[in-house]
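Got your viewer open? Then come along on a short tour, one selection at a time.

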Amino acid sequence: MFARMRADIVAIKERDPACTSTLSALTNYPGLWAVWWHRVTHRLHKAGWVWLARAISQSVRHHTGIEIHPGATIGQDFFIDHGMGVVIGETTVIGRCVTLYQGVTLGGTGKERGKRHPTIEDNVVVGVGATILGDIVIGHGTKVGAGAVVVQAVPPSCTVVGIPGRVVVREGQRVETVDLHHEDLPDPVVEMFRTLQHRIDRLENRLARDEDRAQEEGHPAFSSGTDSTDTRG
Ligand SMILES: CC(C)(COP(=O)(O)OP(=O)(O)OC[C@H]1O[C@@H](n2cnc3c(N)ncnc32)[C@H](O)[C@@H]1OP(=O)(O)O)[C@@H](O)C(=O)NCCC(=O)NCCS
């Protein structure tokens with residue numbers, strides 16, 4: 001147990017340059033307190049002390065701003081930086097060496113039962129304010145950008161950003177996205193009228209040429225000087 005606690009402190013020192021000492025890690029990192037208390041509540045939850053486990057986790061939330069459901073499974077070297085506003089749902093599974101920043105939600109979509117929260121694989125970093133919803137897997141080594149809303153599984157070693165989350169980097173390579181330029185999409189009705197107008201113009205020109213030729217050749221239809229076939233309006 002003490003080895004694990006020491007590893008938690010080392011994880012903070014390694015991942016946050018602002019943490020300069022063990023004392024600082026112990027006193028200034030609510031994420032550390034939340035994780036330690038979670039280990040207690042998780043055991044209680046597994047032992048069937050569900051109400052007590054939740055009551056303790058709510059009290060921890062009150063003091064740290066971090067709500068970790070006692071049912072969540074969390075691996076080693078887990079680090080929550082700053083912490084305030086973090087919510088981790090009951091069926092969440094978190095691997096090793098995962099980092100979360102403040103305001104992260106690992107939640108359910110509200111449409112599922114049973115396993116309804118994300119699985120976060122090893123070495124994932126989830127940026128400030130990001131939301132990951134549903135029983136989806138975030139592959140190992142992936143970075144979830146600040147403010148992203150992820151509702152679909154993400155392969156390993158990716159960077160996912162935006163709402164809804166889209167992969168912009170995969171295994172170190174930029175993923176090109178097609179820019180549709182929605183403001184420039186053609187209007188099919190206008191296009192059809194343009195085509196019709198073009199055809200009408202061509203037909204009128206052709207008719208005019210035929211009429212001129214017929215007049216020159218003295219065709220009977222034009223001999224009286226009247227133009228009964230004029231379609232030019
Ligand atoms: C996503 C992140 C990890 C960068 O990952 P990366 O693999 O180095 O990606 P890049 O910086 O090369 O960015 C790739 C593209 O995503 C965009 N992007 C990066 N982060 C983004 C974000 N949070 N939201 C939207 N777009 C983002 C970049 O502008 C870039 O776009 P472009 O291809 O049009 O130029 C980083 O931007 C981030 O959000 N980190 C979170 C850190 C955090 O929460 N800190 C809190 C401290 S209190």
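Before anything else, one bit of vocabulary: helices (H or I, at least four residues) and strands (E, at least two) are DSSP runs, numbered from the N terminus. With that in hand, select serine 157, which sits in the loop between strand 13 (149–150) and strand 14. Keep in mind that you are looking at a predicted model. Serine 157 has a phi near 55 degrees, a positive value in a residue that is not glycine. Its relative accessibility is 29%, so serine 157 counts as partly exposed.

**Zoom out: the whole chain**

Now show everything as a cartoon. How many helices and strands does the protein chain have? There are 6 helices and 16 strands.

Turn the model around and look at its outline. The C-alpha atoms fill a box of roughly 115 × 35 × 25 Å along the principal axes. The radius of gyration is 34 Å, whereas a compact globule of 233 residues would have one near 17 Å.

Switch on the surface next. About 14,400 Å² of the protein chain is accessible, and carbon and sulfur atoms account for 56% of that. Of the 233 residues, 35% are buried. As for contacts with a separation of 6 or more, 29% of them join residues 24 or more positions apart.

Try colouring by charge, too. The protein chain has 25 positive and 27 negative charges, and the mean positions of the two groups lie 16 Å apart.

**Stop one: the cysteines**

Select cysteine 19, cysteine 97 and cysteine 158, and show their side chains. How many disulfides does a search of the whole structure find? The count is 0. A disulfide here would need two cysteine sulfur atoms within 2.5 Å. Why does cysteine 19 have no bond to its closest cysteine sulfur? That sulfur belongs to cysteine 97 and is 16 Å away, so it is too far for a bond. Cysteine 158 also has its closest cysteine sulfur in cysteine 97, and at 19 Å that is too far as well.

Are cysteine 19 and cysteine 158 buried or exposed? Cysteine 19 is buried, with a relative accessible area of 5%. Cysteine 158 is buried at 2%. Cysteine 97 counts as partly exposed, at 26% relative accessibility.

Stay on cysteine 97 for a moment and check its backbone. Cysteine 97 is in the loop between strand 5 (93–94) and strand 6 (99–100). Its phi is positive, about 55 degrees, although cysteine 97 is not a glycine.

**Stop two: a cis peptide bond**

Next, select isoleucine 163 and proline 164. What is the peptide bond from isoleucine 163 to proline 164? This bond is cis, with omega near -10 degrees. Proline 164 belongs to the loop that runs between strand 14 (158–161) and strand 15 (166–170).

**Stop three: helix 3**

Move over to helix 3 (residues 30–46) and pick out leucine 44. Which residues is leucine 44 in contact with, leaving aside neighbours within four places in sequence? They are Trp49, Leu52, Ala53 and Ile56. For a sense of scale, draw a distance from leucine 44 to leucine 106: these residues are 62 apart along the chain, and their C-alpha atoms are separated by 22 Å.

Arginine 43 is in helix 3 too. With a relative accessible area of 66%, arginine 43 is exposed. Another distance to draw is from arginine 43 to glycine 95, where the C-alpha atoms are 18 Å apart and the sequence gap is 52 residues.

**Stop four: glutamate 112**

Select glutamate 112, in the loop between strand 7 (105–107) and strand 8 (119–120). Glutamate 112 touches Gly134 and Asp135, not counting residues up to four places away in sequence. The C-alpha atoms of glutamate 112 and glycine 134 are separated by 7.6 Å, with their positions 22 residues apart along the chain. Glutamate 112 has a relative accessible area of 32%, which makes it partly exposed.

**Last stop: helix 6**

Finish at helix 6 (residues 220–223), where you will find alanine 221. Alanine 221 is partly exposed, at 35% relative accessibility. From alanine 221 to glutamate 211 the C-alpha distance is 9.6 Å, and the two are 10 residues apart in sequence.

Definitions and conventions: Residues numbered from 1 in each chain as written. Predicted model: local features only at pLDDT ≥ 70, side-chain atom pairs only at ≥ 80, totals over all residues. Heavy atoms only, no water. Rg over C-alpha atoms; globule rule 2.2 N^0.38 Å. Buried < 20%, exposed > 50% of the residue type's maximum accessible area, 1.4 Å probe, protein only. Contact = heavy atoms within 4.5 Å. Areas by Shrake-Rupley, 256 points an atom, 1.4 Å probe, with all protein chains shown as cover. Lys, Arg positive; Asp, Glu negative; His and termini not counted. Charge placed at Lys NZ, Arg CZ, Asp CG, Glu CD.
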